Amino acid sequence: MRFEFIADEHIKVKTLLKKHEVSKSLLAKIKFKGGSILVNNQPQNAIYLLEVGDKVTIDIPSEEAFENLQAVSRPLQIVYEDDHFMVIEKPAGIASIPSILHSNTIANFVKAYYVEKNYENQQVHIVTRLDKDTSGLMLFAKHGYAHARLDKQLQKKLIKKKYFALVKGVADLADQDDIIAPIARPEDSIITRHVHKSGKYAHTAYEKVASFNEGIHLVDVHLLTGRTHQIRVHFSHIGFPLLGDDLYGGSLTDGINRQALHCHRLEFFHPFKGEHIVLESELPEDFQRVLTHLEKKRV
């Protein structure tokens, strides 16, 4: 895959590439695995000194698929795709990546899609992961350089994800608030998480969209950090666990038997097109069915 940059100052090639988030490991891959660096269409090395206006071209070697990730063919609901990124609608009930418990996962399906399309790069790069029983928008990078550039955005909190959740509690829920509480893994569990002073900083913001009978609320949640089970843990911590989320104390008697959580909005800056990408997702049938029932009960 080829990328071009124009030098805007008198610097070395590697310095210019660093400005464009080309890492040392990617430079090593270019050097040792069949890539190339060109300056004004002539081969050069990474320490070549550039003049203002020089054109630097890098050819990045293709990425072979991971052998230990099995390709499993299954239709994907693709919301957005270009040469660099892909966003899909992840259904509830399917894990993002393989584990001891899960083998038919989104990663397996995406690998099969890449193989069927005979894409140049066939490694699966997940940028934003969702829990098995969470539905909604899931972002993939289609090559390592794209993944690295979005990782920088993640570190700077520039990738924005918003979720709809149905929560239930007996107290009053503020119309909007920030839940800032550290999240850790309990010593006696490899699955669950809890709020604990030993944990990592976690910040969840929310706005109440609608309220229903029996202390149920629809909230629009903005993740400002990305800890495991963060939304589920934070809302359980304040006494409003998600409907269907029995792992964290959620009700199983309100019409949904998985956590009522859906990633409905995804925003990121496209580093290769220079565009701000905003994608929206409609609620899945099971979530919408519960909402319709709650609306009828409220009338």
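# Salt bridges, cores and strand pairing

E9 is partly exposed, with a relative accessible area of 33% (partly exposed lies between buried, under 20%, and exposed, over 50%, with a 1.4 Å probe and protein chains only). The model is predicted, so local features need pLDDT of at least 70 and side-chain atom pairs count only at pLDDT 80 or more, while totals for chains, interfaces and linings use all residues. Residues are numbered from 1 along each chain as its sequence is written, and side-chain values use heavy atoms, without hydrogens and water.

**Salt bridges**

- The model holds 19 salt bridges (a side-chain nitrogen of Lys or Arg within 4 Å of a carboxyl oxygen of Asp or Glu).
- E9 is in a salt bridge with K19, with a distance of 3.1 Å from N to O.
- K19 belongs to helix α1 (residues 13-19) and E9 to the loop between β1 and α1, so this salt bridge ties together parts that are 10 residues apart in sequence (helices, H or I with at least four residues, and strands, E with at least two, are DSSP runs numbered from the N terminus).
- K19, like its partner E9, counts as partly exposed: the relative accessibility of K19 is 42%, and that of E9 is 33%.
- The side chains of K168 and D254 form a salt bridge of 3.0 Å from N to O.
- This pair links distant parts of the chain, 86 residues apart: K168 is in strand β9 (residues 160-168), and D254 is in the loop between α5 and β15.
- K168 is partly exposed at a relative accessible area of 24%, whereas D254 is buried at 12%.
- In the salt bridge between D286 and R258, the closest N and O atoms are 2.9 Å apart.
- D286 sits in helix α6 (residues 285-298) and R258 in the loop between α5 and β15; the two are 28 residues apart, and the pair links distant parts of the chain.
- R258 counts as buried, with a relative accessibility of 5%.
- A network of salt bridges links K168, D254, E214 and K297.

**The loop between α5 and β15**

- This loop runs between α5 (230-237) and β15 (261-270), and L247 is found in it.
- L247 is partly exposed, at 38% relative accessibility.
- D254 and R258, described above, are placed in the loop between α5 and β15 as well.

**Nonpolar cores**

- The largest nonpolar core has 45 residues, of which L139, F140, F235 and F268 touch the most other members (a core is a set of buried Ala, Val, Leu, Ile, Met, Phe, Trp, Tyr and Cys residues joined through side-chain atoms within 4.5 Å).
- Helix α3 (residues 106-117) supplies the largest share of this core, with 6 residues.
- A second core, separate from it, has 18 residues, including F3, A7, V39 and I60.
- Apart from neighbours within four places in sequence, F235 is in contact (heavy atoms within 4.5 Å) with V167, I179, T204, Y206, V219, V221, F240, P241 and L242.

**Strand pairing around β13**

- Strand β10 (residues 176-180) and strand β13 (residues 203-211) run antiparallel and are joined by 5 bridges (two strands pair if DSSP finds at least two bridges between them).
- Across this pairing, Q176 stands opposite E207 in β13.
- Strand β14 (residues 216-223) also pairs with β13, in the antiparallel sense and over 7 bridges.
- T204 has L223 in β14 as its bridge partner.
- β13 and β14 form a hairpin with 4 residues between the strands, in which E214 takes a positive phi near 65°.

**The open sheet and a further hairpin**

- Four strands make an open sheet in the order β1-β4-β2-β3, with antiparallel pairing.
- The edge strands of this sheet, β1 (2-6) and β3 (42-43), each pair on one side only.
- β3 runs antiparallel to strand β2 (residues 36-39), and 2 bridges join them.
- At this pairing, L38 stands opposite P43 in β3.
- Elsewhere, strand β5 (residues 78-81) is joined to strand β6 (residues 85-90) by 3 bridges, and the two run antiparallel.
- E81 stands opposite M86 in β6, and the hairpin passes from β5 to β6 through 3 residues.
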